[in-house]
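Thanks for coming, everyone. I would like to walk through one model this morning, starting inside and working outwards, and I will give the cut-offs as the terms come up.

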Amino acid sequence: MPLESIALSFVPQLGMRGAAYLVEMFGSARAVYRASKEELVERCELREDVARAITLKKGFAEADREIAYCKAHGIEAVGCDEERYPRLLREAEDFPMAIYVRGDVGVLSRRAVAFVGTRKITPYGQRMCDRLVQELHELLPDVAIISGLAYGVDGECHRAALACGAATVGVVANALPRVTPTVHERLAAEMVAKGGAVVTELNSQTKQNGRFFIPRNRVIAALAAGTVVVESAESGGSLSTAAFADGYNRTVMAVPGRAVDANSMGCNMLIRNRKAQMVLSGRDIVEELRWELGLENVPQPKREQLPLTDEEAQFMTYFGADPVALEVLQSRSGMSAGELSLMLMNLELSGAVRQLPGKLYEKLI
């Protein structure tokens, strides 16, 4: 029973970080409530009124109501003291005292990758969401796909996961059992029915004020080993998720796009500023996360073949049957380093070539 964990989130003037700090200091939420006022004030430097509230068991009545609410609505409340509380989430310095889950709680402890991006998704973004999720699932059938159940990239990644049989988790910025946007209620129900989950840190007594989306993004980042930004404007909200992931020492990745595309400016900026690793495939994600999978025994995922320009078709003549070194391609093509890098990136995105270790490139068509 996560009574004490939930109760701490209701203590006046304590706040999320303050509650997490106390749990770290005393080892558990239960131990916090067993501490004396003197310990709380002297050891943790709490204000006397906050310490007094804890010793008077403030928050217990609200926690009892919340537990009853969860039972009535088929929601599982998971406290930070419980073994089933996600380990990666618990490692974040501002972890929630409790999370509320519909679906499989166990899926939150799987290896997971978060996918985020713009709500104004383009056909290119849709194609990359589908490709990355499918390829990642082919390489790692047990991986969980995490996103925020919003419009655009979030919804596309959830749907791509369902289409290929991957478990997917939606982190929402409202109390359950509601789902926002309401148009995604059916999508959320399908995610739960197929072994995934919908999760929030917000209890039913939360007063909605429209300010919970950024805090929600930190939960997305903390639940995953790495975060992939698929498409983002220069000031897109998904960049906050990338910032949280970076702050938690998680791997940040981004899908590149054309320099003139507004929806790729955020991704390109992350890559340019070395805040994110460029990824073009599910295999890239696995390698960036350094997950050991015996990849030599895993078949290469099939890539969607995009039509080549005349210049790209001419460049393909520089390949033979065997992989070709980067410097050999530069010598054969006469291109500058920048031109060559752009050409190879476009060909990788088109599914015409792939990069191998040792700066080698292999022709796929």
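Let us begin with L40, which, leaving aside its neighbours within four places in sequence, is in contact with L22, F26, V32, A35, E45, L46, A51, I54 and T55, where contact means heavy atoms within 4.5 Å. L40 is also one of the residues, together with L8, L22, L46 and I146, that touch the most other members of the largest nonpolar core, a set of 78 residues. By a nonpolar core I mean a set of buried Ala, Val, Leu, Ile, Met, Phe, Trp, Tyr and Cys residues joined through side-chain atoms within 4.5 Å, and buried means under 20% relative accessible area, with exposed being over 50% and partly exposed in between, using a 1.4 Å probe and protein chains only. Apart from that largest core lies another core, of 29 residues, among them V133, L140, L280 and L289. In soluble globular proteins, nonpolar side chains tend to be buried together.

A word on provenance: this is a predicted model, in which local features need pLDDT of at least 70 and side-chain atom pairs count only at pLDDT 80 or more, while totals for chains, interfaces and linings use all residues. Residues are numbered from 1 along each chain as its sequence is written, and side-chain values use heavy atoms, with hydrogens and water left out.

Now the overall picture. The protein has 17 helices and 12 strands, these being DSSP runs numbered from the N terminus, with helices as H or I of at least four residues and strands as E of at least two. The C-alpha atoms fill a box of roughly 75 × 45 × 40 Å along the principal axes, and buried residues make up 52% of the 365 residues. Among contacts with a separation of 6 or more, 70% are accounted for by residues 24 or more positions apart.

How are the strands arranged in the open sheet of nine? The order is β1-β2-β6-β5-β4-β3-β7-β8-β9, with mixed pairing, and two strands count as paired if DSSP finds at least two bridges between them. Strands β1 (76–79) and β9 (277–278) stand at the edges, each with a single partner strand, so one side of each is left without a neighbour in the sheet. Within the sheet, β3 and β7 run parallel and are joined by four bridges, with V113 having G226 as its bridge partner in β7.

There is also antiparallel pairing to point out, where β12 (residues 360–363) pairs with β10 (residues 324–325) over two bridges and with β11 (residues 353–356) over four bridges. The bridge partners in β12 are Y361 for V324 and K363 for V353.

Turning to the helices, I would pick out α12 (residues 238–247), whose buried residues are S238, L239, S240, T241, A242 and A245. Those buried residues pack against β3 (112–116), α11 (213–223), β7 (226–229), β8 (251–254) and α13 (265–272), and just after α12 comes N249, which takes a positive phi of about 60°.

A second helix worth a look is α8 (residues 123–139), which contains H137. Is H137 buried or exposed? H137 is buried, with a relative accessible area of 14%, and, not counting residues up to four places away in sequence, H137 touches V143, C164, G165 and A166.

That leaves some backbone details which I would ask you to check on the screen. What kind of peptide bond joins L176 and P177? It is cis, with omega about 10°, and P177 sits in the loop between β5 (167–171) and α10 (185–193). A cis peptide bond also joins T180 and P181, with omega about -5°, and P181 is likewise found in the loop between β5 and α10.

As for positive phi, Q13 has a value of about 70° although Q13 is not a glycine; Q13 lies in the loop between α1 (3–8) and α2 (15–26) and is exposed, with a relative accessible area of 62%. E45, which we met beside L40, has a positive phi of about 60° although E45 is not a glycine. E45 is found in the loop between α4 (37–43) and α5 (48–55), and is exposed at a relative accessible area of 70%.

I am happy to take questions.
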